[in-house]
Amino acid sequence: MIKNLLANILFLVALSSYGQLNLKPDTISTTNMPVQGDSLAVPQIQAKQDSVSKPVLEAVITYTAKDSTIADFENQKVYMYKNGVVNYQSIELKADYIMLDFANKEVYAEGLPDSTGTLVGNPIFKDGDEEFESKTLRYNFETQKGIIADVKTAQGDGFVHSQITKKISKDAFVLKDGKYTTCDAEHPHFYLYLTKAKVISNKKIITGPAYMVLEDFPINFPRIPFGYFPTSTTYTSGILVPTYGEEQSRGFFLREGGYYWAANDHFDLAVRGDIYSKGSWATKVHTNYKVRYRYSGSFDFSYNLNKTSEEPLPDASTSRGFSLTWSHSQDSKANPNRTFSANVNLSTSSFDKENSYLNSSQSIGNYLQTQKSSSISYSQKFENTPFNMSLNMRHSQNSRDTTISLSMPELTVNMSKVNPFKVKNRVGAVKWYEKISFSYSGNIKNSISNVKEKEILNQSIIKDWQNGWRHSIPISLPSFNLLKFINMSPSFNYSERWYTNYINKRYDPDYLNPKSGEEDHVVVDTIYSFRRNYEYSYSLSSSTNIYGNYIMRNPNSRIKQIRHKITPSVSFSYTPDFGQKKFKFWDSYFDGTGKEQFYSHFERGVFGYTGRGESGAISFSLSNNLEAKVLEVNDSVASKDEKPKYKKVKIIDNLGMSASYNMIADSMKLTPISLNARTTIKGVSVNFGANMNPYMVDNKGQVYDEYVWNHLKGFKKLGRLTNANMSFGMNFESKKDKKEEEKKGQESQNNDESERDDEIQYMDFNIPWSFRFDYSFYYNNPYKPDSNGKMKGTINQSLNFGGRLSLTENWQMDMNTNFDIQAMKFSFTTVNITRTLHCWSMSFNFVPFGDRKSYSFSLSASSAMLRDLKISKQSSWRDN
């Protein structure tokens, strides 16, 4: 202890060469100068120079080492060996060898070789949030400048490597012959070679001439004369660099260039644009917003003008289009009783076809998409009441026929099921009338359907839009069991519709339809007045389950039991004839032949209209389910006391039929018979469905009241097959998580000179792969005579193929196509090849044939920071 204290006093005497010391009374003490092993804590020392007192260093320097600490009092230096650590203000330095030079206020650090000669314990320098590792380091505490050899430092999402680096201030350093990369490997797989650069920590990197190096192969062309890389740890505003290229039809282009505005922590905005040398252009707006624990969303809007070729060439054309998407979701913690959400996807019909580059799965999906829909919804639950409401706006469109349907607004008010006669403080058994319950659903709707998108803004809200209010009140009566096993459920349903207009029809032999220009002679008058129509019905439904079991007699059979489940369901419903004059829902007129034609005053109503004719229908359905109980096979030998294990195997998931018979109808009492089946065979799901009309049809395609089974034989005896469908698909893939043990063998070869044993190692060539195909069959026969008087059905068959092959861990190939069996040709086909290696990726997308024949090749860094550091080549489908 005395020896260490003496060493500290001598060290302070050595430091007195800075000038006259002005120490506080308690500066030299054992408490302020602790000695722990080989570490020294140096107190703050003040020197007096030119009669002005100022500190030699602004803070205390502390240092320690694991192996040894040696003080050189003559040269005012301290040497630390093995796991040395120096701390000064926010600076921390770690290395296996550190030299502190108090005379020059410098520190030098480097690693030391281990027993194998490998250099270990290289300097790790940390100043605040900045940290880097180097081979050697020399740093001045006063000027905050230094020389660093073989340095690696993290800057934002990237890394900077340099052989010799000069630190010129606390936050900046310059380098020569450096590397910038987003690869975190010790030897980066790719980098941007920097001839010279200046780095401002966590802000930006400014470079001189630079070029890309990939797997140590320099790509000298193209070279960039200078570069600017933002490395801020927080998102900031800035310019979005465009991509460039050429298309034959639209010319040279710059795409996706613009400006990004980082407004605040809750909102940002990006404005991008495309421009082509032949006049085409596009503008795009994207924004994200988020308030934690409340809501989040994004908004996109795009508008484009495409010009192909040039006037006055015959193939010159101009098209305009837009796309709008909006996604909004509310956090579940924001409000348990009130929610607001939006999912909007709206565009012109040709937008996705004209602006899909087919170089990603998302753009391919947009190109193949023909149906779009949107919804904006607000819902409210009224606490401690059975009521809730929702307000919606909906949209749907079909890009094939360019039609659009809108519903705005649409208000729904619901009341959950209540029991009005239930006694709160009841004593004894529940009475039957207490089980009576009812609910309410009200729907207000204003909509327009199947209008061409070019005409939607010209539609009159009063004349062309449909609106109304529908009320539904279902009443459930107590259910009961008939014959112990049959469940009977009676019910009553009441529905009412309110409309603000209705129609009247009359026959006029001189009338010409202004829309179609044809002489249909039927005048339709719209009367704008409040009218209502209603309907009610009674129903009684019953269902039960019938089980049958068959136990196998063969004791060696793995199948031990087969169970057959039959679920029959029968219901009866009665609806009065609301076509009678007293209801005033239906009317009639006489056409030119004197035949009376009936029509409903509300046939244009948004919620439909009340049917005509009395109905007393019996509906019946039958479903079957077949399962087997199978003994599981175990490779290991089971003990005598171990019970056998069984598993359930489905043979037929469902085999059913349904139909309805109207006992009160004058004719055509039986509805078409519907058949359906579903089963799974060794992982292959098979689905089947068909509809059969039980009535005959004449040569003109008119159905008449004669049953098919009275005239036909065989399968046709069941009815006329009007449509049928069948589909199945299969998935194949390589075995997963299964590795064979390495096989080794020896082979002896005898020859005239020597005998040698060769050890053979069998390599695992198992390549992960997957393949799927889906087959679909559809038959339709409306039984309408063609030009030759024949009533032929149409058959559509298609095969969808798709697969993935992983040649290696990093190589992957995907293929998707569709084959039309009727046309005997392939439809849209894509082939995608990707190669990934840690920090960079290569992709090749290929459409081999068709009107979208094209390809794109891209070799780029995986990091979004260097997304513009790439080599790309593409051929546009517009150039076909």
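## Strands side by side

Asparagine 343 stands opposite serine 375 in strand β32. This pair comes from a predicted model. Strand β32 covers residues 371-381, and six bridges join β31 to β32. The two strands run antiparallel.

Strand β31 (residues 338-347) also pairs with strand β30 (residues 317-330). Six bridges join them, and again the run is antiparallel. One pair to look for is leucine 324 with its bridge partner in β31, leucine 346.

## The whole protein

The protein has 880 residues, and 32% of them count as buried. Its secondary structure comes to three helices and 62 strands. Now take the contacts with a separation of 6 or more. Residues 24 or more positions apart account for 49% of these contacts.

The accessible surface comes to about 54,500 Å². Carbon and sulfur atoms hold 54% of that surface. A nonpolar patch of about 440 Å² is also found on the surface. Its makers are Ile239, Tyr259, Trp261 and Phe267. Phenylalanine 267 belongs to strand β27 (residues 267-276). Its relative accessibility is 31%, so phenylalanine 267 counts as partly exposed.

## An enclosed strand

How many residues of strand β21 are buried? Five of the five are, so β21 (residues 210-214) is largely enclosed by the rest of the structure. In a regular strand, side chains alternate between the two faces of the sheet. In β21, Ala210, Met212 and Leu214 point one way. Tyr211 and Val213 point the other way. All of them are buried.

Strand β21 pairs with strand β19 (residues 190-200) through five bridges. These strands run antiparallel. Tyrosine 191 stands opposite valine 213 in β21.

## Two acidic residues

Glutamate 627 is found in strand β46 (residues 615-631). Its relative accessible area is 8%, so glutamate 627 is buried. Leave aside its neighbours within four places in sequence. Glutamate 627 is then in contact with Gln561, Ile562, Arg563, Lys648, Val649, Lys650 and Ile651.

Aspartate 150 is found in strand β16 (residues 146-155). At 37% relative accessibility, aspartate 150 counts as partly exposed. Not counting residues up to four places away in sequence, aspartate 150 touches Glu133, Ser134, Lys135, Ser162 and Gln163. Its C-alpha atom is separated by 7.9 Å from that of threonine 165, which is 15 residues apart from it along the chain.

## Unusual backbone angles

Most residues other than glycine have a negative phi, and most peptide bonds are trans. Some places in this model depart from that pattern. A cis peptide bond joins methionine 408 and proline 409, with omega about -5 degrees. Proline 409 lies in strand β34 (residues 403-418).

Glutamine 89 has a positive phi, near 50 degrees. Its place is the loop between β8 (77-88) and β9 (91-101). At 47% relative accessibility, glutamine 89 counts as partly exposed. Asparagine 450 also has a positive phi, about 50 degrees. Asparagine 450 sits in strand β35 (residues 437-452). With a relative accessible area of 60%, asparagine 450 is exposed.

## Salt bridges

Side chains of opposite charge can pair when their charged atoms come close. The structure holds 18 salt bridges. In one of them, the side chains of glutamate 247 and arginine 255 meet at 2.5 Å, N to O. Both glutamate 247 and arginine 255 are buried.

Glutamate 410 forms a salt bridge with arginine 394, and their closest N and O atoms are 3.2 Å apart. This pair links distant parts of the chain. Glutamate 410 is in strand β34, arginine 394 is in strand β33 (residues 387-398), and they are 16 residues apart. Buried or partly exposed: which word fits glutamate 410, and which fits arginine 394? Glutamate 410 is buried, with a relative accessible area of 8%. Arginine 394 is partly exposed, at 37%.

Glutamate 603 pairs with lysine 505 in another salt bridge, with the closest N and O atoms 2.7 Å apart. Glutamate 603 lies in the loop between β45 (596-600) and β46, and lysine 505 in strand β39 (residues 502-507), so the pair ties together parts 98 residues apart in sequence. Glutamate 603 is partly exposed, with a relative accessible area of 32%. Finally, salt bridges that share partners join Glu256, Arg272, Asp274 and Lys284 into one network.

Note on methods: Residues numbered from 1 in each chain as written. Predicted model: local features only at pLDDT ≥ 70, side-chain atom pairs only at ≥ 80, totals over all residues. Heavy atoms only, no water. Helix = DSSP H or I, 4+ residues; strand = E, 2+ residues; numbered from the N terminus. Buried < 20%, exposed > 50% of the residue type's maximum accessible area, 1.4 Å probe, protein only. Contact = heavy atoms within 4.5 Å. Areas by Shrake-Rupley, 256 points an atom, 1.4 Å probe, with all protein chains shown as cover. Patch = residues over 30% accessible without salt bridge, like charges linked within 9 Å, V, L, I, M, F, W, Y side chains within 5 Å. Salt bridge = Lys/Arg side-chain N within 4 Å of Asp/Glu carboxyl O. Pairing = 2+ DSSP bridges.
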